[in-house]
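Me: I've just opened this structure and don't know how to read it yet. Please walk me through it, feature by feature.

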Amino acid sequence: MTLKFIFILACLCTALASYPHRSTKRDWRWLIYGLSFTAAADYFLIIRDWHLPGVAIFIFAHACYIMRGLETQPGRKLNPAWLAAPFAAVLVGMFLHSLLFLAALYALLFLANIITWVLAAKKTRQPKHIVMLTGLILFAACDINVLLFNLPGHLNISPPLITFHLIWVFYLPAQVLICISGLNTIPPKPSHYFKNH
């Protein structure tokens with residue numbers, strides 16, 4: 001489990017190091033915010049095995065990715081105050097100590113996240129947006145296996161072991177794709193030297 005968490009931290013560090021090759025500053029910042037929340041959530045889920053704060057923090061990761069996806073249009077900027085809505089909902093879930101409430105909110109934001117990036121990829125057709133969407137689809141496949149792994153426990157039956165392995169088969173590549181989705185895929189203009197030679 002520790003190696004898997006180190007892998008997640010490596011994705012965050014790689015994204016931080018990609019600043020010189022970023023698309024835009026705001027795009028890069030939302031990506032870093034999302035990956036930072038992901039690393040924090042995985043700390044609670046992987047290292048501490050504490051689901052309530054883990055799911056709560058993951059909600060903010062998806063909120064950041066939604067903000068990032070909505071800002072794919074040139075010149076469009078959104079007020080970060082929109083994050084107050086999921087923050088308030090998370091506080092309610094934490095106060096009620098309700099994992100079910102937080103899981104439902106998480107699923108709702110994840111769905112909104114995927115829809116946002118489907119529209120972004122369809123509108124811009126930029127490879128980096130398709131990469132991000134692919135990463136989110138793999139992420140969703142991971143969460144489906146998380147559900148399939150945990151649900152049998154509530155029914156007093158043993159979960160199929162394959163679902164545990166599939167969680168990581170989908171999750172690790174998903175984080176890699178999300179990490180590299182911030183790279184600028186527009187080739188640089190030829191230099192003056194090459195224009196004249």
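Reply: Let's start with one residue: Trp28 counts as buried, at 14% relative accessibility. The word rests on relative accessible area: buried is under 20%, exposed is over 50%, and partly exposed lies in between, using a 1.4 Å probe and protein chains only.

Me: Before we go on, what kind of model is this, and how are residues numbered?

Reply: It's a predicted model, where local features need pLDDT of at least 70 and side-chain atom pairs count only at pLDDT 80 or more, while totals for chains, interfaces and linings use all residues. Residues are numbered from 1 along each chain as its sequence is written, and side-chain values use heavy atoms, leaving out hydrogens and water.

Me: How many helices and strands does the protein have?

Reply: Helices and strands are DSSP runs numbered from the N terminus: H or I for at least four residues makes a helix, E for at least two makes a strand. Here you get eight helices and zero strands. Across the 197 residues of the protein, 40% are buried.

Me: Which residues of helix 5 are buried?

Reply: One general idea helps first. An α-helix has 3.6 residues a turn, so residues three or four places apart point the same way. In helix 5, the buried residues include Leu102, Leu105, Tyr106, Leu109, Phe110, Asn113 and Trp117.

Me: What span does helix 5 reach from its first C-alpha to its last?

Reply: The rule of thumb for an expected span is 1.5 Å times one less than the number of residues. Helix 5 covers residues 99–124, which is 26 residues, and reaches 37 Å, close to the expected 38 Å. Just after that helix, Arg125 takes a positive phi of about 55°.

Me: Next, rings. How many aromatic pairs are there?

Reply: Rings of Phe, Tyr and Trp (its six-membered ring) pair if their centres lie within 6.5 Å; planes under 30 degrees apart are stacked, over 60 edge-to-face, and the rest tilted. The count by this rule is 14 aromatic pairs. Take Phe5 and Tyr43, a tilted pair with 6.2 Å between centres and 55° between planes. That pair links distant parts of the chain, with Phe5 in helix 1 (residues 2–17) and Tyr43 in helix 2 (residues 25–47), 38 residues apart. Phe5 is buried at 13% relative accessible area, whereas Tyr43 is partly exposed at 33%. Now look at Tyr19 and Trp28: their ring centres are 4.7 Å apart and their planes sit at 75°, so this pair is edge-to-face. Tyr19 is partly exposed, at 30%.

Me: Which residues do ring pairs link into a cluster?

Reply: Phe58, Tyr106, Phe110, Phe139, Trp168 and Tyr171.

Me: Where does the charged end of Lys4 sit?

Reply: A charge sits over a ring if NZ of Lys or CZ of Arg is within 6 Å of the ring centre and within 35 degrees of the ring normal. Lys4 has its charged end over the ring of Trp168, 5.2 Å from the centre. Arg22 lies over the face of Tyr19, 4.0 Å from that ring's centre.

Me: How many salt bridges are there?

Reply: A salt bridge needs a side-chain nitrogen of Lys or Arg within 4 Å of a carboxyl oxygen of Asp or Glu. By that rule there are two. In one, Glu71 pairs with Arg26, and their closest N and O atoms are 2.7 Å apart. Glu71 is in the loop between helix 3 and helix 4 (84–96) and Arg26 is in helix 2, so this bridge ties together parts 45 residues apart in sequence. Glu71 is buried at 12%, while Arg26 is partly exposed at 27%.

Me: And which residue does Arg68 meet in a salt bridge?

Reply: Asp27, at 2.9 Å from N to O. This pair also links distant parts of the chain: Arg68 belongs to helix 3 and Asp27 to helix 2, 41 residues apart. Arg68 is buried, with a relative accessible area of 1%, and Asp27 counts as buried at 12%.

Me: One more from helix 3: is Ala56 buried or exposed?

Reply: Buried, at 5% relative accessibility. Ala56 sits in helix 3 (residues 51–70). From Ala56 to Phe87 is 31 residues in sequence and 9.0 Å in space, C-alpha to C-alpha.
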